[in-house]
Amino acid sequence: MTTFDVIIIGGGPGGYVAALRGASEGLRVALIEVEQLGGTCLNQGCIPSKTYLKNAEILEEIEQGKQRGILVKDVEFSMEGMVSYKNSVLNNLRMGIQSLLKARKIEVFNGLGLIKNSQEVEVISNNEKTTLSTKNIIIATGSRPLIPKVDGLENVQYHTTDTIFDLKTLPKSMTIVGGGVIGVELADVFSSLGSKVTIIEYSNRIIAMEDEEASKALHKKLHDKGINILTDHLVTSVSEENGCKMLVVEKKSGEKVFISSEELLIAVGRTPNDSATKHIDLVYNGAFIKVNDYLQTNISTIYAVGDVIGGYQLAHVASAEGLTVIENILGNQKKMDYSIVPRCIYTNLQIASIGQSENDLKSKGVDYTVTKYNLFGNGKAQTLGKKDGFVKVFTDSKYGEIYGMCMVGPYVTELIGQGSAYMSLEGTVYEMAEMIQPHPSLSEIFMEVANLSIGKGVH
Amino acid sequence: MAREVVMPKLGATMEEGIIVSWLVNDGEFIEEGDPIAEIQTDKIVLEVEAESSGHLLKKLYDAGSTVKVHEVIAYMGEENEAIEQTENFSESKDNKLEEINEQEKVRKTPAANKLAKDNGVDLSLVSGTGPNSRVQKQDVENYLQQDTSKITPLAQKMVQDLKIDDKELIGSGQHGKITKKDVLSAVTKTTSAQERESSQLKKVPLKGMRKVIAERMSESYYTAPHVTLTTEINMTECVILRKQLLPVIEKETGYRLSYNDLIVKAVAHTLSKNKALNISLQNNEIYFYEEVNIGFAVSLDEGLVVPVIENTDQIGLAEIVKRSKEIVANIKNGKLSPEYFENGTFTISNLGMYAVDSFTPIINQPQSAILGVGRIVEKPVVKNGEVVINSMMQLSLSFDHRVIDGAPAAQFMTDLKENLENPFRMLV
């Protein structure tokens with residue numbers, strides 16, 4: 001029996017990236033995937049949602065074209081066409097992954113991976129079992145939508161991200177339970193497409209984990225779009241009548257609201273897939289596999305990455321974790337560093353953050369300075385007609401160290417990469433102020449906010 | 001202009017090199033980087049390369065010659081160029097043409113040039129320490145090590161603010177780049193060391209008794225060549241004797257007889273018959289003492305003192321017990337009268353009350369010998385072909401080999417062993 005250097009269970013961004021790097025480093029790698037390569041990110045998450053968000057953006061821009069002197073008549077939208085286009089994007093990307101895996105001579109097994117012990121993994125496919133031998137195992141089995149316990153929910157047809165991207169027709173109305181990243185992004189999509197959308201969020205604000213000002217800005221944007229946002233509300237029961245989903249929603253104060261919609265999307269979070277680890281004694285942290293700084297489980301040759309270990313539950317974090325594990329398998333003893341992780345919300349008022357948030361700094365008692373620059377003063381933003389937004393930088397006053405940044409506005413999910421570069425290279429706000437940015441560009445806001453931060457504001 | 005070819009310094013310790021062979025004839029054209037000669041250092045044979053293209057004008061040494069580093073071994077230049085003229089020219093340090101030329105072209109050894117090329121170092125940024133500021137290989141190595149770009153801007157600001165020498169930091173970033181973490185780590189280490197110093201370490205100047213002990217111990221250790229002999233004593237008879245004499249002596253003196261008293265008695269008795277150890281070397285004169293005055297080390301909080309029982313060999317065991325106990329009591333009560341410490345001729349250092357079996361004591365100068373006493377432990381020993389349990393003790397005799405030879409020292413130990421193993425004889 002062939003002994004692999006590493007068997008990776010899960011072909012998502014944590015698993016396949018680890019497989020590619022491992023093979024590049026000369027490891028003999030096997031990758032086991034029970035569904036489609038690409039994981040949640042490619043198939044039910046980042047990629048389909050961003051494809052849909054682009055459609056939403058196009059529709060919004062057409063709508064706003066009138067202000068710019070562009071008159072478009074007879075704009076038609078096809079749900080079927082949108083799904084089809086999304087599927088073509090997904091197919092292209094999956095084929096790309098397949099080609100890369102093949103080119104690196106990674107053995108891909110389609111089936112359910114089951115860890116038998118620290119050296120053996122069983123692949124179950126079409127009732128056939130194959131046992132693979134290995135020196136190391138990476139659990140990258142990801143997560144699935146978390147379904148909350150709500151009276152009557154089991155008796156109604158509802159969607160999760162597993163099904164919502166394959167809707168054949170556009171619903172007239174949709175209730176989204178959960179005002180987190182998934183909830184607000186899909187609210188933006190379906191609202192732009194024409195659905196009447198309601199968001200129900202238990203916290204006192206949407207995207208509660210992000211900057212409060214950013215949260216307010218997005219709330220306003222979504223509200224202005226016509227999205228009904230109920231914060232501080234909890235769904236207490238669901239029923240279905242005449243194809244309509246009837247929700248009883250209770251405000252924290254006790255007041256009840258009744259909401260009816262054609263479709264219901266549950267987007268309250270994700271729970272880890274633990275199917276691979278039933279036969280081994282792993283230590284868990286709640287529902288998530290517990291790992292150390294080197295992403296090792298309590299069994300030293302078994303590692304875990306991505307959603308299955310909790311934390312950020314972001315594709316790029318899973319990939320970074322996968323790469324870190326490969327370094328550790330190669331004996332390089334690398335700790336996973338979560339201090340500079342970009343966090344993006346791709347709604348059509350984008351939000352992107354990196355490093356520590358203001359809440360983090362406050363709760364840690366860090367002495368920090370916050371400097372805010374509004375996008376309104378940026379020439380490029382004006383030309384784009386997207387002048388809502390701002391950039392906030394959190395710094396220390398002594399060295400100008402950049403603790404974190406929060407950006408709201410067009411393309412900030414791209415711009416935040418510049419923040420990654422500043423912070424990763426330990427550039428301070430002084431270097432940020434000195435860097436020459438192209439004009440006109442949105443990038444100029446980095447230079448502006450940095451100069452403002454050191455008392456040398458230009459505009 | 002003729003250019004010098006010098007004996008390169010190919011290593012930090014290289015002082016000179018041997019020209020193994022010339023690879024180019026006089027007048028021959030050489031391309032830049034081509035080898036001119038083979039040089040042997042104390043370790044390897046290497047080639048000297050041409051720093052620029054040109055003709056080899058003149059070799060100054062034959063193959064086999066030994067030449068100091070940085071010495072000119074040949075000249076290169078244009079075909080048929082006169083050397084004398086250019087030698088003068090190059091030696092004219094204030095000549096402006098020379099300065100212009102030096103600015104345009106960095107003077108460097110071939111080894112430095114190669115190392116710089118391999119590492120992508122701009123030689124104009126490297127300070128040369130060779131003759132005429134010629135860049136040596138070591139200069140390039142130093143430059144590579146001191147690459148100041150290997151620090152993040154944030155770490156740089158912290159280093160400046162905290163006045164830390166970044167050369168002492170070990171970078172944990174990409175390719176050894178110094179990061180904030182490295183600076184904080186260094187600060188934490190320093191702070192914790194300072195905290196330890198302030199909270200845990202107490203600094204007391206070396207003074208008083210401790211200073212005297214320190215000086216005398218090191219003086220003794222470094223001036224007198226110490227030899228230490230060890231032997232094991234069967235103390236079973238001493239144990240019996242002590243048990244028998246305890247009530248007798250206590251009744252007579254009011255003090256309890258200790259093993260140390262028995263050992264003092266035995267040493268005095270043995271020393272009186274081995275006077276070769278009862279001596280002292282002072283100012284190149286050997287003092288042979290008639291009196292046997294045994295000193296015994298007493299530990300105090302402030303240090304160590306060695307009171308003396310004069311004429312120890314002349315007094316009985318009960319008197320030894322009495323004197324030693326009185327002296328110790330007085331000393332511990334702060335009565336450090338000088339007369340207690342005078343005229344010692346031999347010292348006993350007894351650590352038998354501790355978990356110490358044997359040790360090498362340092363001679364109490366100006367005496368020439370000291371006996372170290374370990375603890376008494378019950379051990380299985382072979383006696384008349386049978387294994388029995390006996391009380392055993394180890395003794396170590398350190399003696400000054402300048403004035404005492406091994407044989408008399410060994411004889412002393414033999415006699416002492418005999419006396420301690422048959423202690424009743426001493427009382428006769």
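Q: What does Asp232(A) form a salt bridge with?
A: In this predicted model, Asp232(A) pairs with Lys252(A), and their closest N and O atoms are 3.3 Å apart.

Q: Where do those two sit in chain A?
A: Asp232(A) is in the loop between strand 10 (228-230) and strand 11 (233-241), and Lys252(A) is in the loop between strand 12 (244-251) and strand 13 (256-261). The pair therefore ties together parts that are 20 residues apart in sequence.

Q: Is Asp232(A) buried or exposed, or something in between?
A: Asp232(A) has 24% relative accessibility, so it counts as partly exposed. Lys252(A) is partly exposed too, with a relative accessible area of 49%.

Q: How many salt bridges are there over all chains?
A: The whole structure has 36 salt bridges.

Q: OK, another one. What about Lys386(A)?
A: Lys386(A) forms a salt bridge with Glu57(A), with 2.9 Å between the closest N and O atoms.

Q: How many residues apart in sequence are the parts tied together by that pair?
A: They are 329 residues apart. Lys386(A) lies in the loop between helix 9 (379-384) and strand 22 of chain A, while Glu57(A) belongs to helix 3 (residues 46-68) of chain A.

Q: And is Lys386(A) buried or exposed?
A: Lys386(A) is buried, at a relative accessible area of 15%. Glu57(A) also counts as buried, at 10% relative accessibility. The cut-off for buried is under 20%.

Q: Which salt bridge is there in helix 4 of chain B?
A: The side chains of Lys137(B) and Glu141(B) meet in one, at 4.0 Å from N to O. Both residues lie in helix 4 (residues 137-145) of chain B, four residues apart, which is about one turn of the helix.

Q: Why does being three or four places apart matter in an α-helix?
A: An α-helix has 3.6 residues a turn, so residues three or four places apart point the same way.

Q: How accessible is Lys137(B)?
A: Lys137(B) is partly exposed, with a relative accessible area of 28%. Glu141(B) is partly exposed as well, at 27%.

Q: Which residues are joined into one network by salt bridges that share partners?
A: Asp211(A), Glu213(A), Glu358(A), Lys372(A) and Lys392(A) are joined that way.

Q: Changing topic: how many residues of chain B are in contact with chain A?
A: Eleven residues of chain B are in contact with nine residues of chain A. The area buried between the two chains is about 870 Å², and carbon and sulfur atoms give 59% of it.

Q: Which three residues of chain B supply more of that area than any other three?
A: Pro153(B), Leu154(B) and Lys157(B) supply 54% of the area that chain B buries against chain A.

Q: How many salt bridges are counted between chain B and chain A?
A: The count is three. One of them joins the side chains of Glu431(A) and Lys157(B), at 2.7 Å from N to O.

Q: Which elements of chain B give two or more residues to the side that touches chain A?
A: Those are helix 5 (153-162) and helix 6 (180-200) of chain B. Helix 5 gives the largest share, seven residues. By type, the residues on this side of chain B divide into five nonpolar, two polar and four charged.

Q: How many residue pairs are in polar contact between the chains?
A: There are eight such pairs between chain B and chain A, counting residues that are both at pLDDT 80 or more.

Q: Back to chain A. How many residues of helix 12 are buried?
A: Nine of the ten residues in helix 12 (residues 444-453) of chain A are buried, so the helix is mostly covered. Among them are Ile445(A), Phe446(A), Met447(A) and Val449(A).

Q: What do they pack against?
A: The buried residues of helix 12 pack against strand 21 (369-374), strand 22 (390-395), strand 23 (402-408), helix 10 (412-424) and helix 11 (429-434) of chain A.

Q: What comes just after helix 12?
A: Gly455(A) does, with a positive phi of about 75°.

Q: Last thing: how many helices and strands does chain A have?
A: Chain A has twelve helices and 23 strands, and chain B has eleven helices and 18 strands. Buried residues make up 53% of the 459 residues in chain A and 39% of the 428 residues in chain B.

Key
Residues numbered from 1 in each chain as written. Chains lettered and ligands numbered in written order. Predicted model: local features only at pLDDT ≥ 70, side-chain atom pairs only at ≥ 80, totals over all residues. Heavy atoms only, no water. Buried < 20%, exposed > 50% of the residue type's maximum accessible area, 1.4 Å probe, protein only. Contact = heavy atoms within 4.5 Å. Buried area = accessible area lost by both parts, 1.4 Å probe. Polar contact = N/O pair within 3.5 Å; in protein donor to acceptor, adjacent residues only side chain to side chain. Nonpolar A, V, L, I, M, F, W, Y, C, P; charged D, E, K, R; others polar.
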